[in-house]
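This report describes one protein chain, beginning with its overall make-up and then turning to one sheet and one residue. Please keep the sequence and the structure in view while reading.

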Amino acid sequence: MGHNVVCAAGLLVVQADILTYATVGQLFVRELQREHFQNEFEPFLYGRVFNDPMVFKCNRELFPDLPRWLRFTQRHPYDNGFLYGTPLQGDLGKNTVEIFVTNKRSYDTFKERLVINVGPAVKQMPYQAEFFIELREIEKVLPSEVQNEIKKDIQMIWGTDKLDYVNITSALDRGGRVPLPLAGHYEGVYVKLGSDQPYSKCLRRLQTEDHQRECKAGGKIAGDCSVCTIPANCVTWCKSVLIDLSRPVPPPPAPTVGSGILAWGGEFNPPDSPPDRDFLPEYIVTVIIPFILAIILCLILAYVMCCRREGVQKRDAKTLDIQLYHYHTIHDNSSELRTMADGRSGAPQPRSTLPMFNARTGEKAAPQYPFDSVHIPLIMAQQEPNVDTFPRK
C-alpha cells in the first residue's frame, strides 16, 4: 500500500492495490465507477471535473483474459463497468486482476490492481432456485439496489429472509438470441438464489406436472408466486427451475466386473477374393452419355453455322438491282481511292500544298509582321507578283 505514482507526464496513473474478498458459492460483484477515476485524476491536473467517457479493460495479471469464474461487462463508455462471477472450490486463493481505464476525451490511461482473495464457503445453501427475468439486462441487475429489489420479491415468494445470491447470468451466455436495438426488447437475465430454508408451497409447484402443462399451453402460474412490486423485475415462471441439493444425488452404478475374457464367437474366415462388380452402368453414365451429348451439340452447332447460311448468290438474287449498283459503285470507288493513296505514299508532298509558297519564285517566306498568321493566305501574288498582298495598318 503506497502513495499514488504519476508517470509519463500524466499520461499513466498507477494506483495502489485494492483488496477485496469473495466466497465460494456466492455471487461476487465489483462495480468500476467512472467518477472514481475522474475525481482522483482531473482535479490534480486541471482543477475541475469532467463527465468523460471511460473504457475499462480487465485481465488477470500476466494473462490475456480474466479468471475462469470472473466476467466483465460495460454497455457504454458513459456507463460503469462490472466485474462479477461466482468462484468455485477450485478457485480458492489469490486472484489478481489488472484494470486499465482509458479516458476517451483526454486519452489519459489509469491502471489499478484488484486483488480478490477467494475464501471457503461460509453458508450452506442446499435449496437453490434459478429465476428468469425477461425485462432486464445484465448491467441493470448487477447494481446492489436492483439486487435488493429482486431479493425482496423472492423473499416474499420463498417465505424467508435468509436468501443469498448464488449467480447472475445473462441469457446470451445461455444461448439466447441478441435482441433488436429497439425499445422494449431486452436480453433477459437468469438470477440464482439459495437458502437453507425449504421451498414454499408455490415454489414447489414448479416441479409439478400441472405447471408443465400450463407452460406448454401458454399460461402463467398464479397465486402467491405472482408477487412483483416492479414490473421490470417480474419472473418468467415457465423458465424458472428449482435446484434441490438437500438430497444427495445417488452415484451411478458401478460397472460389472467380468472375467476379462470375451465370449467365443467362432472363427472368422475372410473371403478369398472380393465379389465381382459390374462397372458397365457407371461407365455408361460417366463417359458414354456425356460423350453422346457433346456430339449432338457439335452437330447442332455445325448445322446452324454451315447449313443455315444463305450464300452470296442467294443474297444478291433477293437484292434490288439499283441497290446492288449503288453498293458496287461505292465499293469500287473506295478501292480506287485506296490504290491512289498507296501510290502517293513514296512521292514527296507537292510544294503547292505547303504554307507560304510563292508560285513564281518557289520560295517559302516566313511571316515578317506581328499579326495573326491565321489570316495570311497560303498562296500570295500568284497572278500579279508586283502586288503586295500583306495587310497594312
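## Overall make-up

The protein chain has 8 helices and 13 strands; helices (H or I, at least four residues) and strands (E, at least two) are DSSP runs, numbered from the N terminus. The model is predicted: local features need pLDDT of at least 70, side-chain atom pairs count only at pLDDT 80 or more, and totals for chains, interfaces and linings use all residues. Residues are numbered from 1 along each chain as its sequence is written, and side-chain values use heavy atoms, with hydrogens and water left out.

Of the 393 residues in the protein chain, 29% are buried, where buried means under 20% relative accessible area (1.4 Å probe, protein chains only).

## A sheet of four strands

An open sheet of 4 strands follows the order E11-E12-E10-E13, with antiparallel pairing; two strands pair if DSSP finds at least two bridges between them. Its edge strands, E11 (164-170) and E13 (235-244), each pair on one side only.

Strand E10 (residues 127-133) runs antiparallel to E13, and 6 bridges join the two. Within E13, Val235 is the bridge partner of Ile133. Helix H3 (residues 144-158) packs on the sheet and touches E10, E11, E12 (189-195) and E13; contact means heavy atoms within 4.5 Å.

## Residue Thr20

Strand E3 (residues 18-23) contains Thr20. This residue, Thr20, is buried, with a relative accessible area of 14%. Leaving aside neighbours within four places in sequence, Thr20 is in contact with Phe28, Leu114, Val115, Ile116 and Asn117.

Definitions and conventions. Axes fitted to C-alpha atoms, helices over the stretch in contact; angles between N-to-C directions. Buried < 20%, exposed > 50% of the residue type's maximum accessible area, 1.4 Å probe, protein only.
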